[in-house]
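Colleague: I am new to this structure and would like to learn how to read it. Could we go through it feature by feature?

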Amino acid sequence: MNLLRLLLLLALSTPVQAQYFQQRVDSRIEVRLDDELHQLHGKLELDYHNRSPHALDTLWMHLWANAYSRRGTAFDRQKLALEGSTRFHFAPAAERGGYSDLAFSVDGKPGEWGYHPEHPDIAWVRLPQPLPPGASCTLRTPFTLQLPASFSRLGHIGESYQLTQWYPKPAVFDADGWHIMPYLDAGEFYSGFGSFEVRITLPANYLVAATGELQEQAERAFLREKARETWRYFAKRDGPLADDYVYEPAPPSSDSLKTVTFRAERVHDFAWFADKRFKLVQDSVRLPSGRSVQTSVFFTRTEEALWEGAIEYVNRSVQYLSRTVGEYPWPQATAVQSALSAGAGMEYPMITVIGLSGDARSLDEVIEHEVGHNWFYGILATNERDHPWMDEGINTYYEQRYMDSLYSTSALDLPKVLGGAPGLDLGELGYLYQARQGLDQSTGLPSQDLSLVNYYLNAYDRPGKAFAYLEAALGRDAFDAAMQAYYRRWQFRHPGPADLQAVLEKETDLDLDWLFDHILNSDRKMDYALQKAKPQGKGTRLYLRNRGRIAGPVLLSGWQGDRIIYSAVLPGFSDRTTHDLPLPPDSFDRFQLDPHRLSPEVNRKNDQVRARGLFPRLEPLQLSILPRLENDRRTRLFLTPALGWNNYDKTMLGAAVYSSFFPPSRFQFALVPLYAIGSRSLAGMGEVAWRMLPRANAIRQIEISTQGRLFHYDDNGALGYRLKYGRLVPKLRLDLGRANNRPFSHALEARAILLWKQEPLFSGEEEYSGLTWNADQIYELAYEGKNEHVLYPFDFRAALEHQTYELEGRKRYTKLSLEWRQGWMYLRDRYLRVRWFGGFFLDNAQRKVDAISLGAFNLAQRGPTDYRFDHLWLGRTDERGLWSQQVARMDGGLRLPLPAGRREGRSNSFILAFNLQADLPWPRGWGLLNGIKPYFDIGYYDDTSVLLAQGNDFADQLIWSGGLLLDAANGLFAVHFPLVNSANVRPILNERGNYWDRVTFTLDLARLRPREVIRDILP
């Protein structure tokens, strides 16, 4: 492609400003299914009608099936980065798919065409001459489509076929320009309205469900007979129907072929599904106008017990939405149970495909949601890629209304055993987790800019609740009237957020910027607070404050016992306001904001005030033994039994006392006091943390915390003493701004390590005379980052450390350490992992002394060399026995039990180290064998002592070791079996005794902290 043409194409892709218009596309497709090769052989003919005010010399075409053609497509990259899924990336070529034999012509003349420079699923077709406003052209192409395995929406499993996004189609050109978009798994579509006539040829014993109206009378009769067979099957069953997955091999394909034709008007997409095993139930529903709509459900034996009654779910959904939003315009509505790898269900005009549901209630819900997309996607055809909330979110609102009318519980309700506040559901819990850490995103972002968690929250849950919030503020009748006006105004068109806002504001005569600009198009937080209630004459005055940045309507309620006896909707406000109630305070027990939890509040602890009594804003205290979710109606204190052990304190019993568990709150503390049976003393640990979210984009979160520990770290049985240490670590952490749809995060951290250690005193005759306390202060500034991309994860840490101490005068050091850990996935779920470490003293008053200085670098990190007391050790100072074989991946990270009292592997100057380990290419599912991994460590230490290092050469200061490790719980615990070592450490290892004394292990107890466990589980 020459430069001039590229510039022209880019120009056509940029936005232009014009009055609303929409193009029309009329498509005629003939296609033949080869179910041996899993191929479609077809011909496409489409009429493109230019209704824009611009002459067009190029058409952009979506070839979305090419998303499955190779690695590196936008689909593949999103599956890796957003979902961490490697199934497609490592799929064999036979499971991939895409187009061949494309040959575009325009009005009978061969067309010049080519692929987008970045995306193989987007193409451009050059028109022989510009297409003027009001004119049409006919585009034709043959095509062969190799169908992929079921990785997303398009595909097949055996001889079950899901034909979605399967044909070449023009991108949308509207007043904002061309909307060219690659296929994505998390991110839906935007297509132009028109008509379809699709002729499908395939073996005669297939059942086909499709968009549009079936034309052949013979095929209609064939389907009616299949429906009768289905009812006979249900009537004659001699056992329970299947309510789970059933392996059901496909019967042989018929030798004869048939052609079925479907026609559809005023639609913007066409999907079809074919399976020889389909059962079929058919019915019809009558709409308020008296018009009848045919309904159908196609399903296999999988979950047939649920699908036996599914036709009622389709019927009920069509009638409910026709009555509530506007009448269904098409002749039929179908639900299909088939393979789907992109969610629980997927919508297309007149038809939806449903995956496994689990139970009848869930099937009812997903069918209603997907049938509802006929309105919010099919008829009101928003650009879903740019505004996913306009179809998913509004549709979720109507889905919830539908479910509330039929069921007393919601699929998002949390189990009571988790202990959350009344009405707290999974969606709100997810939002609070994200918002309180600055990980939430604006609902108005395009789908490709959202993280995986935020895609669900922002496309579905948050906007669904926002429209329930709007309904509560307006009243249901006014809300329904406004939404029905929106439906009438914009059906079969492409509305955007501004169009919806304009209709709603016109119908309600209200300014709705609080909804569209602040809730739906920003990451602002809402936080109204009820401050107090005071008698005012014969009534009550409430004092309210807005601590957030959204001034939405205030939903106020007054309670007497379990009943709401007063409700009001107050206008939104900034800062402070009051509200007078006509009843005296003794009429109420309490006042509450938003009792049904519709508004996006980030802190409901301040939403309630009691009408009388001491501390009316303080919730009742509740003690709990087990960790439970936040309950904003209680002040909770958790008290959970705790158990600990080390080789000096022995068994330790106590309790963990903490303020909250999940989601994170601004202030949290956790104290674990323990009684050590072995040392007969108190021990334990604790942490206090306070976090805030600055408005500056450069900093996502600020956390100020202090951690403390108190344990014994050594004992001397002969002299009868144990040594205790105390550690206090105040810390400031700045989590820096990040793109939340990217797997990279980074932070700055400053900490002070304040250590108090008991040490023995000896008299001049070397007799033990008691214990003394020594104090150390270490200061560290670190920059760290982490990339959680599934193919090549990495993390790094650069730290600057300084300490001044007394040792025959005032001494100091300043050291720099650099650590990089990298993984490469070379097969699916199989990694090669490497680690580099470099440690350098920038300044060290004892660089050249013969003794090992305080703060020395270590190639092999064990308890005795952990001078910062960073790690938790079972036998911190043991030099013999099992607990002395514990090592940590700190400093050089060599998995060797090098003695702390020797110079080998320790440096007052610098060290360099490299660690490697690899997963073996065992077949998946080999259990324990998957934990066996080869490893190799090598490190160099610079020995700068004046006397002891004389005569050392490079090889003397190079240490290496390798062997096999057994990894359990993804690195939580690992045992290392050395097989080879460098010659300079063999004598040292031999001094330890037999082979088993050289085996080492790692135990990363810090990963068991609740905050770390949650971070590992959640994205």
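Modeller: We begin with a term: a residue is called buried when its relative accessible area is under 20%, and exposed when that area is over 50%. Keep in mind that this is a predicted model.

Colleague: Which residues of α11 are buried?

Modeller: In helix α11 the buried residues are F479, D480, A482, M483, A485, Y486, Y487 and W490. Among the elements that cover them are α5 (310-324), α7 (374-379), α8 (388-406), α10 (452-474) and α12 (497-508).

Colleague: What span should the 15 residues of α11 have?

Modeller: At 1.5 Å a residue, α11 (residues 476-490) should span 21 Å. The C-alpha atoms at its ends are 21 Å apart, so the expected span and the model agree. Just after α11 comes F492, with a positive phi of about 60°.

Colleague: How far apart are the end C-alpha atoms of α10?

Modeller: They are 32 Å apart, and the 23 residues of α10 should span 33 Å at 1.5 Å a residue, which agrees. That check does not replace a look at the axis: α10 has a kink of about 40°, centred on N458. Just after α10, G475 has a positive phi of about 95°.

Colleague: Which residues other than glycine take a positive phi?

Modeller: Two cases will do. Y377 has a phi near 150° and is not a glycine. Y377 belongs to helix α7, and it counts as buried because its relative accessibility is 3%. The other case is D509, with a phi near 60°. D509 sits in the loop between α12 and α13 (513-519).

Colleague: Is D509 buried or exposed?

Modeller: D509 has a relative accessible area of 70%, so it is exposed.

Colleague: Where is S447, and is it buried or exposed?

Modeller: S447 lies in the loop between α9 (426-435) and α10. Its relative accessibility is 1%, so S447 counts as buried. Leaving aside neighbours within four places in sequence, S447 is in contact with A186, G187, E188, R385, P388 and Y455.

Colleague: How should I think about nonpolar residues?

Modeller: In soluble globular proteins, nonpolar side chains tend to be buried together. Here the largest nonpolar core has 167 residues, and W166, W272 and F467 touch the most other members. Another core, of 36 residues, lies apart from it and includes A656, A676, I753 and L859.

Colleague: What is F467 in contact with?

Modeller: Neighbours within four places in sequence aside, F467 is in contact with W389, I394, Y397, F479, M483, L500, L504 and L520. F479 and M483 also appear among the buried residues of α11.

Colleague: Now the strands. What holds a sheet together?

Modeller: Strands of a sheet pair through backbone hydrogen bonds, either parallel or antiparallel. One open sheet here has three strands in the order β25-β26-β29, with antiparallel pairing. Its edge strands are β25 (528-536) and β29 (575-581), each of which pairs on one side only. On average, neighbouring strands of this sheet are turned by 20° against each other, direction ignored.

Colleague: How many bridges join β25 to β26?

Modeller: Eight bridges join β25 to β26 (residues 539-546), and the two run antiparallel. Y528 stands opposite N546 in β26.

Colleague: Which strands stand at the edges of the sheet β7-β8-β3-β12?

Modeller: That sheet is open, with four strands in antiparallel pairing. β7 (112-115) and β12 (169-170) stand at its edges with a single partner strand each, so one side of each has no neighbour in the sheet. Four bridges join β7 to β8 (residues 122-131), in the antiparallel sense. E112 has R126 in β8 as its bridge partner.

Colleague: What does a hairpin look like here?

Modeller: Take β42 (residues 810-827) and β43 (residues 830-844), which pair antiparallel over 14 bridges. W824 stands opposite L832 in β43. Their hairpin has two residues between the strands, and D829 takes a positive phi near 65° there.

Colleague: Which strand is joined to β43 by nine bridges?

Modeller: That is β48 (residues 910-918), which runs antiparallel to β43. There, L916 in β48 is the bridge partner of V834.

Methods: Residues numbered from 1 in each chain as written. Predicted model: local features only at pLDDT ≥ 70, side-chain atom pairs only at ≥ 80, totals over all residues. Heavy atoms only, no water. Pairing = 2+ DSSP bridges. Expected span 1.5 Å × (residues − 1). Buried < 20%, exposed > 50% of the residue type's maximum accessible area, 1.4 Å probe, protein only. Contact = heavy atoms within 4.5 Å. Axes fitted to C-alpha atoms, helices over the stretch in contact; angles between N-to-C directions. Core = buried A, V, L, I, M, F, W, Y, C linked by side-chain atoms within 4.5 Å. Bend = angle between axes of the 7 residues up to and from the residue.
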